[in-house]
Amino acid sequence: MTAHSTRRSRLHKPLLSLLWLLLAIPTVYAQDAEKEKLPPAVHDPLFSKLAQEPEIKEDSSGKWEGSLGLGFTARRGASSTNQGSLSLEAERNMRDSRLLANMIAVRSSKDGERSSDTLNSDLRGERKFGERSFGFLGLGIERDGLQDMTVRGSLSSGLGLRWLNSDGLKLSLYGGLAYSQEHYRTSSDIKGLEVLLGTELRYALSPNSHISHRLVIYPDSISGGARYAMQGDLTTRINSHFGLQLAVLQKYREKVSSQNSHADTVLFTGITAGF
C-alpha cells in the first residue's frame, strides 16, 4: 500500500463518523416526536383503588342491633296453666363505647291466677380505657314472684376486661359496686351497697347460630348471704328476619324465707325477630 492511499484511508474515517452522526440525528428526533404524539396514560379507577392503602373501619355505626323473642305455652287438663315469655338482646356500638341491653321475662298463671312472675333486665354502658380494658355503668331491674319481691332496682359501676375478643368468641369479665333497693310484698324493704362480679360470653357456633351466657354474682348481697343470676340462650336464624331461641334463666339466694326455695330455674323456647 502506498503512502497516498494510507493518507486517504485516514481521511475517510472521520468523514464516515460525521456522516453517521448526521444520519442518526433525524432518527432520534423522529422517535422523540412519536413519543410526544402518544396518548396520555389511562388511569383505571379499579387499579388505582387497589394501589391505595386499604381503609379499615370498625363497626361503629351507632345503630341498635339485636333480636326480640316471644314465646307462649298453654296446658289444659286437670289444671289450666299458661306461660308467656319475652326476651331481648340488643347492642349498639360506637367508636370508643357501646351499649348493651338484655331482658328475660316469664309470667305463669294457673287456673286463672298468677303463680309466678320473673323478670331480669339490664342496661349497661361501656367506655374503652385501652385495648382490652373498659369502665361500665349499669342499671338493673328485677322481679321475682316466688320470693315475694315486687321489684329490685340497682345502679352499678366498675371496671372490666375483654379477656377474649375474636369474631367467633367474646368473653368479658367485670366487677364493681352496686347500690340496690329491694321491695317485698310481705316484708320490709332493704337497700344498701353490694359487690358484684360478672361474666359475659358469646360464642358463634356457625354463621346462623350463637350461644350467649351471662352470670352476675353478689358474694354478700344486701338481703344476706350470696346470690346470683344466670341466663343463657341458644339462637338459630331461620332466615334474615326470624329465628328460634332456647333460653334458660336461673336464680339462687342463700338466704330466703322459710316457705321459699333457694333456687328457681325457668326453661323456655320462642321465636325471635332480628333488627
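**Entry 1: the largest cavity**

I began with the walls of the largest cavity in this predicted model. Strand E4 (113-128), E5, strand E6 (149-165), E7, strand E8 (190-206), E9 and strand E10 (227-237) each supply at least two residues of its lining. I then asked which strand gives the largest share of that lining. It is E5, with six residues.

I looked up the volume of the largest cavity next and got about 400 Å³. The lining counts 27 residues, and those closest to the centre are Asn120, Ser121, Asp122, Val216 and Tyr218. I sorted the lining of the largest cavity by class and found 11 nonpolar, nine polar and seven charged residues.

**Entry 2: other spaces**

How many cavities of 30 Å³ or more does the structure hold? I found four.

I went on to the second largest cavity, which holds about 70 Å³ of space. Lining it are 14 residues, and Ser87, Leu88, Glu89, Asp233 and Gln245 are the closest to its centre. Strand E1 (64-75), E2, E3, E10 and strand E11 (242-253) each give at least two residues to this lining. By class I noted five nonpolar, six polar and three charged residues in the lining of the second largest cavity.

I also checked a pocket. The second largest pocket holds about 230 Å³. It is lined by 14 residues, with Tyr184, Ser187, Lys255, Val256 and Ser257 closest to the centre. The lining of this pocket has three nonpolar, eight polar and three charged residues.

**Entry 3: the chain as a whole**

I stepped back to the overall layout. The protein chain has two helices and 12 strands. Along the sequence, I read the pattern as α-α-β-β-β-β-β-β-β-β-β-β-β-β.

What share of the 275 residues is buried? I noted 31%. I then took the contacts between residues at least 6 apart in sequence, and 48% of them join residues at least 24 apart.

**Entry 4: the E2-E3 hairpin**

I picked one strand pair for a closer look. Strand E2 (residues 81-93) and strand E3 (residues 97-110) run antiparallel and are joined by 13 bridges. The hairpin that connects E2 to E3 passes through three residues. I looked for the bridge partner of Glu91 in E3 and found Leu100.

**Entry 5: nonpolar cores**

Which residues make up the largest nonpolar core? I listed seven: Phe134, Phe136, Tyr174, Ala178, Leu196, Val216 and Tyr218. Strand E5 (133-144), strand E7 (169-184) and strand E9 (209-218) each supply at least two residues of this core. Apart from it I found another core, of six residues, including Ile104, Val106, Ala247 and Leu249.

I went back over my cavity notes here. Val216 and Tyr218 are members of the largest nonpolar core, and both are also among the residues closest to the centre of the largest cavity.

**Entry 6: Phe134**

I chose Phe134 from the core list. It sits in strand E5. Is Phe134 buried or exposed? Its relative accessible area is 1%, so Phe134 counts as buried, the cut-off being under 20%.

I listed the contacts of Phe134, leaving out neighbours within four places in sequence. Glu126, Arg127, Lys128 and Phe129 are among them. Gly158, Leu159, Gly160, Leu161 and Arg162 also touch Phe134. Ser172, Leu173 and Tyr174 are on the list too. Tyr174 is a fellow member of the largest nonpolar core.

I also looked up a C-alpha distance. Phe134 and Asp96 are 38 residues apart along the chain, and their C-alpha atoms are separated by 9.5 Å.

**Entry 7: Ser212**

My last stop was Ser212, found in strand E9. Ser212 counts as buried because its relative accessibility is 3%, and the cut-off is under 20%.

Which residues are in contact with Ser212, leaving aside neighbours within four places in sequence? I found Glu89, Leu201, Arg202, Gln231, Gly232 and Asp233. Gly232 is 20 residues from Ser212 in sequence, and the two lie 5.4 Å apart, C-alpha to C-alpha.

Two of these contacts took me back to an earlier entry. Glu89 and Asp233 touch Ser212, and both are among the residues closest to the centre of the second largest cavity.

Notes
Residues numbered from 1 in each chain as written. Predicted model: local features only at pLDDT ≥ 70, side-chain atom pairs only at ≥ 80, totals over all residues. Heavy atoms only, no water. 1 Å grid on protein atoms, 1.4 Å probe; cavity = no way out; pocket = protein on both sides within 12 Å on 5 of 7 lines; lining within 4 Å. Points joined across faces, edges and corners; volume = space filled by probe spheres on them. Nonpolar A, V, L, I, M, F, W, Y, C, P; charged D, E, K, R; others polar. Core = buried A, V, L, I, M, F, W, Y, C linked by side-chain atoms within 4.5 Å. Buried < 20%, exposed > 50% of the residue type's maximum accessible area, 1.4 Å probe, protein only. Helix = DSSP H or I, 4+ residues; strand = E, 2+ residues; numbered from the N terminus. Contact = heavy atoms within 4.5 Å. Pairing = 2+ DSSP bridges.
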